[in-house]
Amino acid sequence: MTSQFGPSYVREIAPYVAGKPISEVAREFGLDEARIVKLASNENPLGMPESAKQAMVKAAAELGRYPDSNAFELKAALAARYDVPAEWITLGNGSNDILEIAAHAIVEKGQSIIYAQYSFAVYALATQGLGARAIVVPAVKYGHDLDAMLEAITADTRLVFVANPNNPTGTYIDGPALEAFLDKVPRNVAVVLDEAYTEYLAPHKRYDSIAWVRRYPNLLVSRTFSKAFGLAGLRVGFAIAQPELTDLLNRLRQPFNVNTLAQAAAVAALNDQAFLEESATLNAQGYRVLTEAFERLGLEYVPSDGNFVLVRVGSDDNAGNRVNLGLLKQGVIVRPVGNYGLPQWLRVTIGLAAENAAFIAALEKTLAAAAS
Ligand SMILES: Cc1ncc(COP(=O)(O)O)c(C=O)c1O
(Lines give C-alpha, C1' and ligand atoms only; values in the text may rest on other atoms or scores of the structure.)
Protein backbone atom coordinates (compact mmCIF):
# COMPACT_ATOMS: atom_id res chain seq x y z
CA MET A 1 0.00 0.00 0.00
CA THR A 2 1.41 3.40 -0.88
CA SER A 3 0.96 6.16 1.66
CA GLN A 4 0.85 9.89 1.31
CA PHE A 5 2.31 10.19 4.80
CA GLY A 6 5.89 10.20 6.01
CA PRO A 7 9.25 10.56 4.34
CA SER A 8 9.98 8.38 1.29
CA TYR A 9 12.82 6.62 3.12
CA VAL A 10 10.32 5.36 5.68
CA ARG A 11 7.75 4.37 3.06
CA GLU A 12 10.42 2.32 1.29
CA ILE A 13 11.28 0.19 4.34
CA ALA A 14 10.47 -3.50 3.95
CA PRO A 15 9.08 -4.39 7.39
CA TYR A 16 11.00 -6.87 9.56
CA VAL A 17 9.85 -10.45 9.03
CA ALA A 18 9.62 -12.27 12.36
CA GLY A 19 9.48 -16.03 12.88
CA LYS A 20 5.94 -17.40 12.54
CA PRO A 21 4.23 -17.83 15.92
CA ILE A 22 3.15 -21.38 16.87
CA SER A 23 -0.52 -20.37 17.17
CA GLU A 24 -0.55 -18.96 13.62
CA VAL A 25 0.92 -22.14 12.11
CA ALA A 26 -1.55 -24.26 14.09
CA ARG A 27 -4.45 -22.23 12.68
CA GLU A 28 -3.14 -22.09 9.11
CA PHE A 29 -2.31 -25.79 8.79
CA GLY A 30 -4.93 -27.25 11.15
CA LEU A 31 -2.29 -28.66 13.51
CA ASP A 32 -2.21 -29.29 17.25
CA GLU A 33 -0.19 -26.49 18.88
CA ALA A 34 1.39 -28.91 21.32
CA ARG A 35 3.01 -30.87 18.49
CA ILE A 36 4.49 -27.90 16.68
CA VAL A 37 8.25 -27.42 16.83
CA LYS A 38 9.47 -23.82 16.51
CA LEU A 39 13.07 -23.40 15.47
CA ALA A 40 12.64 -20.04 13.82
CA SER A 41 13.74 -17.24 16.13
CA ASN A 42 17.01 -18.31 17.75
CA GLU A 43 15.35 -18.60 21.13
CA ASN A 44 16.77 -20.71 23.94
CA PRO A 45 15.07 -24.12 23.69
CA LEU A 46 15.34 -24.54 27.46
CA GLY A 47 12.96 -21.62 27.92
CA MET A 48 13.61 -19.14 30.71
CA PRO A 49 15.72 -20.06 33.73
CA GLU A 50 13.80 -21.02 36.88
CA SER A 51 15.81 -18.43 38.83
CA ALA A 52 14.44 -15.70 36.55
CA LYS A 53 10.88 -16.98 36.98
CA GLN A 54 11.18 -16.73 40.74
CA ALA A 55 12.64 -13.24 40.56
CA MET A 56 9.71 -12.15 38.39
CA VAL A 57 7.13 -13.51 40.78
CA LYS A 58 8.74 -11.48 43.57
CA ALA A 59 8.96 -8.36 41.43
CA ALA A 60 5.30 -8.66 40.37
CA ALA A 61 4.27 -7.08 43.67
CA GLU A 62 5.72 -3.78 42.40
CA LEU A 63 3.91 -3.65 39.07
CA GLY A 64 1.62 -0.82 40.15
CA ARG A 65 4.64 1.46 39.99
CA TYR A 66 6.80 2.55 37.09
CA PRO A 67 10.04 0.61 36.60
CA ASP A 68 13.31 2.01 37.94
CA SER A 69 14.25 4.14 34.94
CA ASN A 70 17.94 3.86 35.76
CA ALA A 71 17.66 0.11 36.55
CA PHE A 72 20.01 0.44 39.49
CA GLU A 73 20.21 -3.24 40.40
CA LEU A 74 20.53 -4.56 36.88
CA LYS A 75 23.20 -2.02 35.97
CA ALA A 76 25.07 -2.79 39.20
CA ALA A 77 24.95 -6.51 38.38
CA LEU A 78 26.14 -5.91 34.81
CA ALA A 79 28.86 -3.53 36.00
CA ALA A 80 30.14 -6.14 38.44
CA ARG A 81 29.94 -8.93 35.90
CA TYR A 82 31.75 -7.09 33.11
CA ASP A 83 33.98 -4.96 35.31
CA VAL A 84 32.90 -1.57 33.95
CA PRO A 85 31.35 1.46 35.67
CA ALA A 86 27.53 1.41 35.71
CA GLU A 87 27.74 4.74 33.83
CA TRP A 88 29.04 2.85 30.80
CA ILE A 89 25.86 0.80 30.42
CA THR A 90 22.72 1.57 28.41
CA LEU A 91 19.74 -0.73 28.67
CA GLY A 92 17.47 -1.53 25.78
CA ASN A 93 14.09 -3.13 25.15
CA GLY A 94 15.99 -6.03 23.65
CA SER A 95 19.27 -5.32 21.92
CA ASN A 96 17.21 -4.39 18.86
CA ASP A 97 16.35 -1.25 20.76
CA ILE A 98 20.06 -0.62 21.41
CA LEU A 99 20.86 -0.95 17.70
CA GLU A 100 18.07 1.48 16.77
CA ILE A 101 18.94 3.99 19.48
CA ALA A 102 22.63 3.86 18.57
CA ALA A 103 21.94 4.55 14.90
CA HIS A 104 19.64 7.46 15.71
CA ALA A 105 21.97 8.88 18.35
CA ILE A 106 25.11 8.72 16.22
CA VAL A 107 24.06 9.26 12.61
CA GLU A 108 22.28 12.09 10.81
CA LYS A 109 20.01 11.78 7.80
CA GLY A 110 22.15 11.65 4.67
CA GLN A 111 25.29 10.32 6.38
CA SER A 112 26.35 6.72 5.79
CA ILE A 113 26.28 3.52 7.81
CA ILE A 114 28.30 0.45 6.85
CA TYR A 115 27.29 -3.17 7.36
CA ALA A 116 27.96 -6.49 5.68
CA GLN A 117 25.85 -8.30 3.10
CA TYR A 118 23.85 -11.06 4.85
CA SER A 119 24.21 -9.38 8.24
CA PHE A 120 21.38 -8.87 10.73
CA ALA A 121 18.29 -7.27 9.13
CA VAL A 122 17.90 -4.60 11.78
CA TYR A 123 21.02 -2.75 10.56
CA ALA A 124 19.28 -2.03 7.27
CA LEU A 125 16.04 -1.09 9.02
CA ALA A 126 17.76 1.29 11.43
CA THR A 127 19.72 2.88 8.58
CA GLN A 128 16.67 3.40 6.40
CA GLY A 129 14.53 4.51 9.30
CA LEU A 130 16.63 7.59 9.84
CA GLY A 131 17.20 8.38 6.18
CA ALA A 132 20.89 7.46 6.28
CA ARG A 133 22.74 5.93 3.34
CA ALA A 134 23.56 2.23 3.60
CA ILE A 135 26.92 1.00 2.37
CA VAL A 136 26.51 -2.77 2.14
CA VAL A 137 29.86 -4.51 1.85
CA PRO A 138 29.82 -7.85 -0.03
CA ALA A 139 30.31 -10.86 2.21
CA VAL A 140 33.14 -13.36 1.89
CA LYS A 141 32.10 -16.95 2.60
CA TYR A 142 28.84 -15.53 4.00
CA GLY A 143 30.75 -13.53 6.63
CA HIS A 144 32.10 -10.02 7.14
CA ASP A 145 35.01 -8.82 5.00
CA LEU A 146 36.56 -6.45 7.54
CA ASP A 147 39.23 -5.12 5.17
CA ALA A 148 36.62 -4.21 2.59
CA MET A 149 34.47 -2.65 5.33
CA LEU A 150 37.42 -0.46 6.34
CA GLU A 151 37.97 0.55 2.75
CA ALA A 152 34.29 1.40 2.37
CA ILE A 153 34.47 4.13 5.03
CA THR A 154 33.87 7.53 3.46
CA ALA A 155 33.98 11.10 4.79
CA ASP A 156 30.30 10.92 5.74
CA THR A 157 30.43 7.49 7.43
CA ARG A 158 29.51 7.69 11.11
CA LEU A 159 28.75 4.10 12.06
CA VAL A 160 29.78 0.53 11.22
CA PHE A 161 27.71 -2.44 12.39
CA VAL A 162 29.61 -5.68 12.97
CA ALA A 163 27.78 -8.82 14.13
CA ASN A 164 29.88 -11.50 15.77
CA PRO A 165 28.66 -14.20 15.46
CA ASN A 166 26.49 -12.97 12.63
CA ASN A 167 22.81 -13.76 12.14
CA PRO A 168 21.56 -15.37 9.85
CA THR A 169 24.83 -16.91 8.68
CA GLY A 170 26.45 -17.86 12.03
CA THR A 171 29.88 -16.71 10.83
CA TYR A 172 32.52 -15.67 13.34
CA ILE A 173 35.48 -13.29 13.31
CA ASP A 174 38.35 -14.09 15.67
CA GLY A 175 39.53 -11.67 18.34
CA PRO A 176 42.84 -10.61 16.72
CA ALA A 177 41.09 -9.80 13.41
CA LEU A 178 38.47 -7.72 15.21
CA GLU A 179 41.07 -5.91 17.26
CA ALA A 180 43.13 -5.08 14.17
CA PHE A 181 39.96 -3.74 12.56
CA LEU A 182 39.07 -1.56 15.55
CA ASP A 183 42.57 -0.19 15.58
CA LYS A 184 42.18 1.06 12.01
CA VAL A 185 38.67 2.54 12.18
CA PRO A 186 38.90 6.37 12.32
CA ARG A 187 37.96 7.68 15.77
CA ASN A 188 35.06 9.75 14.43
CA VAL A 189 33.36 6.58 13.17
CA ALA A 190 31.52 4.55 15.80
CA VAL A 191 31.54 0.76 15.72
CA VAL A 192 28.59 -1.20 17.09
CA LEU A 193 29.86 -4.69 17.82
CA ASP A 194 26.71 -6.80 18.09
CA GLU A 195 27.46 -9.83 20.23
CA ALA A 196 23.96 -11.27 20.64
CA TYR A 197 25.31 -14.83 20.50
CA THR A 198 28.64 -14.40 22.26
CA GLU A 199 27.73 -16.69 25.17
CA TYR A 200 27.56 -19.60 22.73
CA LEU A 201 31.17 -19.24 21.61
CA ALA A 202 33.38 -22.21 22.42
CA PRO A 203 35.90 -21.24 25.14
CA HIS A 204 38.84 -21.14 22.71
CA LYS A 205 36.97 -18.70 20.46
CA ARG A 206 36.19 -16.13 23.15
CA TYR A 207 37.88 -12.74 23.25
CA ASP A 208 37.61 -9.76 25.59
CA SER A 209 35.62 -7.09 23.77
CA ILE A 210 35.03 -5.20 27.02
CA ALA A 211 38.78 -4.57 27.25
CA TRP A 212 38.49 -2.97 23.80
CA VAL A 213 35.68 -0.71 25.04
CA ARG A 214 38.13 0.65 27.62
CA ARG A 215 40.61 1.37 24.84
CA TYR A 216 38.35 2.62 22.02
CA PRO A 217 35.92 5.47 22.79
CA ASN A 218 34.20 4.83 19.44
CA LEU A 219 33.28 1.23 20.29
CA LEU A 220 29.90 0.12 21.58
CA VAL A 221 29.38 -3.55 22.46
CA SER A 222 25.78 -4.73 22.25
CA ARG A 223 24.55 -7.81 24.12
CA THR A 224 21.20 -9.42 24.83
CA PHE A 225 19.33 -11.51 27.37
CA SER A 226 17.22 -13.01 24.55
CA LYS A 227 19.47 -15.88 23.49
CA ALA A 228 21.66 -17.88 25.91
CA PHE A 229 20.06 -16.19 28.94
CA GLY A 230 16.62 -17.38 27.80
CA LEU A 231 14.59 -14.18 28.19
CA ALA A 232 13.55 -13.30 24.60
CA GLY A 233 9.95 -12.51 25.55
CA LEU A 234 10.95 -10.04 28.25
CA ARG A 235 13.01 -7.83 25.94
CA VAL A 236 16.27 -6.88 27.64
CA GLY A 237 19.48 -5.89 25.91
CA PHE A 238 22.35 -3.69 26.90
CA ALA A 239 25.23 -1.70 25.51
CA ILE A 240 28.65 -1.13 27.02
CA ALA A 241 30.53 1.93 25.83
CA GLN A 242 32.52 4.80 27.24
CA PRO A 243 30.54 7.77 28.64
CA GLU A 244 30.68 9.85 25.47
CA LEU A 245 28.61 7.33 23.49
CA THR A 246 26.60 6.14 26.49
CA ASP A 247 25.44 9.68 27.29
CA LEU A 248 24.23 10.12 23.74
CA LEU A 249 22.27 6.88 23.77
CA ASN A 250 20.67 7.70 27.08
CA ARG A 251 19.31 10.95 25.67
CA LEU A 252 17.27 9.03 23.12
CA ARG A 253 16.36 6.01 25.20
CA GLN A 254 12.77 5.94 26.41
CA PRO A 255 12.90 6.37 30.18
CA PHE A 256 11.05 3.11 30.97
CA ASN A 257 12.21 0.93 28.08
CA VAL A 258 13.01 -2.05 30.32
CA ASN A 259 10.09 -3.06 32.51
CA THR A 260 10.16 -4.14 36.15
CA LEU A 261 9.78 -7.87 35.53
CA ALA A 262 12.46 -7.81 32.85
CA GLN A 263 14.93 -6.01 35.12
CA ALA A 264 14.41 -8.51 37.95
CA ALA A 265 14.61 -11.54 35.67
CA ALA A 266 17.76 -10.26 33.97
CA VAL A 267 19.59 -9.88 37.29
CA ALA A 268 18.71 -13.48 38.17
CA ALA A 269 19.64 -14.84 34.73
CA LEU A 270 22.93 -12.98 34.71
CA ASN A 271 23.96 -14.78 37.87
CA ASP A 272 22.67 -18.20 36.79
CA GLN A 273 25.93 -19.67 35.57
CA ALA A 274 24.56 -23.22 35.62
CA PHE A 275 21.78 -22.31 33.19
CA LEU A 276 24.22 -20.59 30.82
CA GLU A 277 26.50 -23.61 30.82
CA GLU A 278 23.60 -25.99 30.24
CA SER A 279 22.45 -23.82 27.33
CA ALA A 280 25.87 -23.78 25.70
CA THR A 281 26.35 -27.55 26.14
CA LEU A 282 22.92 -28.35 24.71
CA ASN A 283 23.64 -26.04 21.80
CA ALA A 284 26.98 -27.68 21.01
CA GLN A 285 25.35 -31.13 21.08
CA GLY A 286 22.48 -29.99 18.85
CA TYR A 287 24.91 -28.39 16.42
CA ARG A 288 26.68 -31.70 15.96
CA VAL A 289 23.41 -33.55 15.40
CA LEU A 290 22.10 -31.05 12.84
CA THR A 291 25.33 -30.71 10.89
CA GLU A 292 25.86 -34.48 10.80
CA ALA A 293 22.36 -34.81 9.34
CA PHE A 294 23.10 -32.12 6.74
CA GLU A 295 26.28 -33.94 5.75
CA ARG A 296 24.44 -37.24 5.49
CA LEU A 297 21.79 -35.59 3.30
CA GLY A 298 24.44 -33.90 1.16
CA LEU A 299 23.26 -30.41 2.10
CA GLU A 300 25.66 -27.49 2.21
CA TYR A 301 25.65 -25.48 5.45
CA VAL A 302 27.58 -22.53 6.81
CA PRO A 303 29.65 -23.46 9.89
CA SER A 304 27.99 -21.57 12.75
CA ASP A 305 29.07 -20.23 16.11
CA GLY A 306 25.55 -19.18 17.07
CA ASN A 307 22.50 -21.17 18.19
CA PHE A 308 21.32 -21.73 14.62
CA VAL A 309 22.58 -23.07 11.30
CA LEU A 310 22.06 -21.83 7.76
CA VAL A 311 21.48 -24.74 5.38
CA ARG A 312 21.06 -24.80 1.61
CA VAL A 313 18.00 -26.88 0.79
CA GLY A 314 18.05 -26.67 -3.00
CA SER A 315 19.61 -25.00 -5.99
CA ASP A 316 16.69 -23.03 -7.38
CA ASP A 317 15.48 -19.74 -5.99
CA ASN A 318 12.21 -21.16 -4.76
CA ALA A 319 13.91 -23.92 -2.74
CA GLY A 320 13.80 -22.11 0.61
CA ASN A 321 10.10 -21.34 0.38
CA ARG A 322 9.21 -24.75 -1.01
CA VAL A 323 11.03 -26.74 1.65
CA ASN A 324 9.77 -24.34 4.30
CA LEU A 325 6.20 -25.06 3.27
CA GLY A 326 6.89 -28.80 3.40
CA LEU A 327 8.20 -28.38 6.94
CA LEU A 328 5.31 -26.17 8.05
CA LYS A 329 2.80 -28.79 6.91
CA GLN A 330 4.55 -31.19 9.28
CA GLY A 331 4.45 -28.68 12.11
CA VAL A 332 8.08 -27.56 11.98
CA ILE A 333 8.73 -23.82 11.84
CA VAL A 334 12.15 -22.65 10.66
CA ARG A 335 13.14 -19.39 8.99
CA PRO A 336 13.26 -18.84 5.24
CA VAL A 337 15.87 -16.19 4.46
CA GLY A 338 14.90 -15.00 0.99
CA ASN A 339 14.59 -11.51 2.46
CA TYR A 340 18.34 -11.68 3.14
CA GLY A 341 19.05 -12.55 -0.48
CA LEU A 342 19.44 -16.24 0.41
CA PRO A 343 16.42 -17.86 -1.28
CA GLN A 344 18.00 -21.33 -1.48
CA TRP A 345 18.64 -21.48 2.25
CA LEU A 346 16.80 -21.96 5.52
CA ARG A 347 17.98 -20.90 8.96
CA VAL A 348 17.22 -23.41 11.66
CA THR A 349 17.57 -22.71 15.35
CA ILE A 350 19.22 -25.46 17.38
CA GLY A 351 16.54 -26.94 19.62
CA LEU A 352 16.10 -29.67 22.21
CA ALA A 353 17.20 -33.15 21.10
CA ALA A 354 13.61 -34.16 20.28
CA GLU A 355 12.99 -30.93 18.36
CA ASN A 356 16.15 -31.39 16.30
CA ALA A 357 15.10 -34.96 15.54
CA ALA A 358 11.60 -33.83 14.49
CA PHE A 359 13.11 -31.21 12.19
CA ILE A 360 15.53 -33.68 10.59
CA ALA A 361 12.76 -36.22 10.02
CA ALA A 362 10.48 -33.57 8.49
CA LEU A 363 13.32 -32.27 6.33
CA GLU A 364 14.16 -35.75 5.03
CA LYS A 365 10.52 -36.37 4.20
CA THR A 366 10.19 -33.04 2.40
CA LEU A 367 13.36 -33.54 0.37
CA ALA A 368 12.38 -37.14 -0.50
CA ALA A 369 8.93 -36.00 -1.66
CA ALA A 370 10.52 -33.34 -3.85
CA ALA A 371 12.92 -35.90 -5.38
CA SER A 372 10.22 -38.46 -6.19
C1 LIG B 1 22.70 -10.46 15.57
C2 LIG B 1 21.51 -10.07 16.37
N3 LIG B 1 21.53 -8.92 17.03
C4 LIG B 1 20.49 -8.51 17.76
C5 LIG B 1 19.34 -9.25 17.86
C6 LIG B 1 18.20 -8.69 18.63
O7 LIG B 1 17.77 -9.48 19.64
P8 LIG B 1 16.98 -8.87 20.87
O9 LIG B 1 16.33 -7.60 20.42
O10 LIG B 1 16.01 -9.91 21.23
O11 LIG B 1 18.01 -8.60 21.91
C12 LIG B 1 19.25 -10.48 17.20
C13 LIG B 1 18.03 -11.28 17.26
O14 LIG B 1 17.79 -12.19 16.57
C15 LIG B 1 20.36 -10.89 16.43
O16 LIG B 1 20.33 -12.03 15.75
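This report describes a predicted model of a protein chain, beginning with its domains and ending with some details of its backbone.

## Two domains

The chain is divided into two domains, and domain 1 is made of two separate stretches of sequence, residues 8–47 and 274–371, while domain 2 covers residues 50–272. Taken over C-alpha atoms, the centres of domain 1 and domain 2 are separated by 25 Å. Where the domains are in contact, 33 residues come from domain 1 and 32 residues come from domain 2.

The UniProt record, in an unreviewed entry, lists residues 36–357 under the name "domain: Aminotransferase class I/classII large". Over residues 36–357 the chain is 39% helix and 18% strand, and the C-alpha atoms at the two ends of this range are 13 Å apart.

## The interface between the domains

The size of an interface is often given as the accessible area lost when the parts come together. For domain 1 and domain 2 the buried area is about 2,600 Å², and carbon and sulfur atoms give 61% of this area. On the side of domain 1, the residues L276, D305 and Y340 supply 27% of the area that this domain buries against domain 2, which is more than any other three residues supply.

Between domain 1 and domain 2 there are 11 residue pairs in polar contact, counted where both residues have pLDDT 80 or more. On the side of domain 1 that touches domain 2, the elements that give two or more residues are α1 (8–11), α12 (273–296), β10 (308–312) and β13 (342–349). Of these, α12 gives the most, with 6 residues. By residue type, the side of domain 1 that touches domain 2 divides into 17 nonpolar, 10 polar and 6 charged residues.

## Salt bridges

A search of the whole structure finds 11 salt bridges, and 1 salt bridge is found across the interface of domain 1 and domain 2. The side chains of K205 and D305 meet in a salt bridge, with a distance of 2.9 Å from N to O; D305 is also one of the three residues named above for their share of the area that domain 1 buries.

Another salt bridge is formed by K53 and E50, whose closest N and O atoms are 3.8 Å apart. Both K53 and E50 lie in helix α3 (residues 50–59), where they are 3 residues apart, about one turn of the helix.

## Details of the backbone

Cis peptide bonds occur in the loop between β5 (157–163) and α8 (175–184), where P165 lies and where P168 also has its place. The peptide bond from N164 to P165 is cis, with omega near -10 degrees, and a cis peptide bond also joins N167 and P168, with omega about 15 degrees.

A further detail concerns A71, which has a positive phi of about 45 degrees although this residue is not a glycine. A71 lies in the loop between α3 and α4 (72–82).

Key: Residues numbered from 1 in each chain as written. Predicted model: local features only at pLDDT ≥ 70, side-chain atom pairs only at ≥ 80, totals over all residues. Heavy atoms only, no water. Domains from an automatic or database assignment. Contact = heavy atoms within 4.5 Å. Buried area = accessible area lost by both parts, 1.4 Å probe. Salt bridge = Lys/Arg side-chain N within 4 Å of Asp/Glu carboxyl O. Polar contact = N/O pair within 3.5 Å; in protein donor to acceptor, adjacent residues only side chain to side chain. Helix = DSSP H or I, 4+ residues; strand = E, 2+ residues; numbered from the N terminus. Nonpolar A, V, L, I, M, F, W, Y, C, P; charged D, E, K, R; others polar. UniProt positions renumbered as here; feature names shortened; annotations may be inferred.
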